[in-house]
Every structure is written in C-alpha cells, then in structure tokens.
Amino acid sequence: GHTIVAADDGSSLYVWGGMDTTGDFPVTMHQLDLVSLKWENMSSNTPPRGRRWHGMTFLASGLYVFGGVGSGGEFVDPVCGRFCGWSVPNSLSDLYLYNLTNQLWTLLSAGGGGGNSF
C-alpha cells in the first residue's frame, strides 16, 4: 500500500505511493492540510518509480522514501491463484528525498536490485 506521514508540526499529512484501483502505481505526492482539511496534489520533477510497501519518513522539511516493491513484483501461484511472494528484480532498495520547500525529488542512493525493501 501507500504510506502516510505527518509533518513534525502536525499541520499536514503526506501520502505517496501504493496501487490504485486500476492497478497503476501513482507517483504524485498528496498533502492534506489538517487545519483546512483540503487536499493538494503537490508538483514535482521526475518522481521515483511507482511502488508499494515502501518506507517513508518526515525529517527536516523533507520526506524520505526507501525501497518497496515496484510494478510486476507479485508472484501468484497459477494453480490456486493466491499470492506466493515477491519477484526479486522488482524489490527496490533505493532512497529518495522529496524536498517540501522546492517540491523536487532527489535520488540519494540507487541501491541494488533485489535488496531489502523493509
């Protein structure tokens, strides 16, 4: 799924990642102002690859996103149709910073394919 984190002053919530109802992996950062209760789609440069089951934290006016599983990472048993695990090439171990001041993404570490995603 997606991740939700709160600003350190408690004024906003930020939502990123996950999978939508069409099976796409959205890459738009969303902000909920907790005073006005209004949502905003935040602008950005080139965002990270869409993903789910990633980590995200707020630190010093930025959001750090780590790892997760990219599109196509599921392995489903063809006989019973149940989820069985993850395809290693789609496990992500990169680290990005989303700067809330200028609304830009920066890749901090490319990581390696198949690394830990948690």
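Two strands pair if DSSP finds at least two bridges between them. Strands are DSSP runs of E with at least two residues, and helices are runs of H or I with at least four, numbered from the N terminus. The model is predicted, so local features need pLDDT of at least 70 and side-chain atom pairs count only at pLDDT 80 or more, while totals for chains, interfaces and linings use all residues. Residues are numbered from 1 along each chain as its sequence is written, and side-chain values use heavy atoms, with hydrogens and water left out.

**Exercise 1.** Describe the open sheet that contains β4, and find the residue opposite K38.

Solution.
1. Start with the strand order: β1-β2-β3-β4, with antiparallel pairing.
2. Find the edges. These are β1 (3-6) and β4 (38-42), each pairing on one side only.
3. Add the twist, which averages 25 degrees from one strand to the next; axes here are lines fitted to C-alpha atoms, and angles run from 0 to 180 degrees between N-to-C directions.
4. Look at β3 (residues 29-33): 5 bridges join this strand to β4.
5. The residue opposite K38 in β4 is D33.

**Exercise 2.** Identify the best-connected residues of the largest nonpolar core and the elements that supply it.

Solution.
1. Fix the term: a nonpolar core is a set of buried Ala, Val, Leu, Ile, Met, Phe, Trp, Tyr and Cys residues joined through side-chain atoms within 4.5 Å. Buried means under 20% relative accessible area, exposed over 50%, and partly exposed in between, with a 1.4 Å probe and protein chains only.
2. The largest core has 14 residues, and Y14, M29 and L63 have the most contacts inside it.
3. Two or more residues come from each of β2 (12-16), β6 (55-59), β7 and β10 (91-99).
4. Take Y14 and set aside neighbours within four places in sequence: its contacts (heavy atoms within 4.5 Å) include M29, M42, M56, F58 and L63.
5. As background, nonpolar side chains in soluble globular proteins tend to be buried together.

**Exercise 3.** Place Y64 in the fold and decide whether Y64 is buried, partly exposed or exposed.

Solution.
1. Y64 lies in strand β7 (residues 62-70).
2. Y64 counts as partly exposed because its relative accessibility is 26%.
3. Beyond neighbours within four places, Y64 touches G55, M56, T57, L59, L95, Y96, L97 and L108.
4. For L108, the C-alpha to C-alpha distance from Y64 is 9.3 Å, across 44 residues of sequence.

**Exercise 4.** State the chain's secondary structure and buried share.

Solution.
1. The chain has 0 helices and 11 strands.
2. Of its 118 residues, 36% count as buried.
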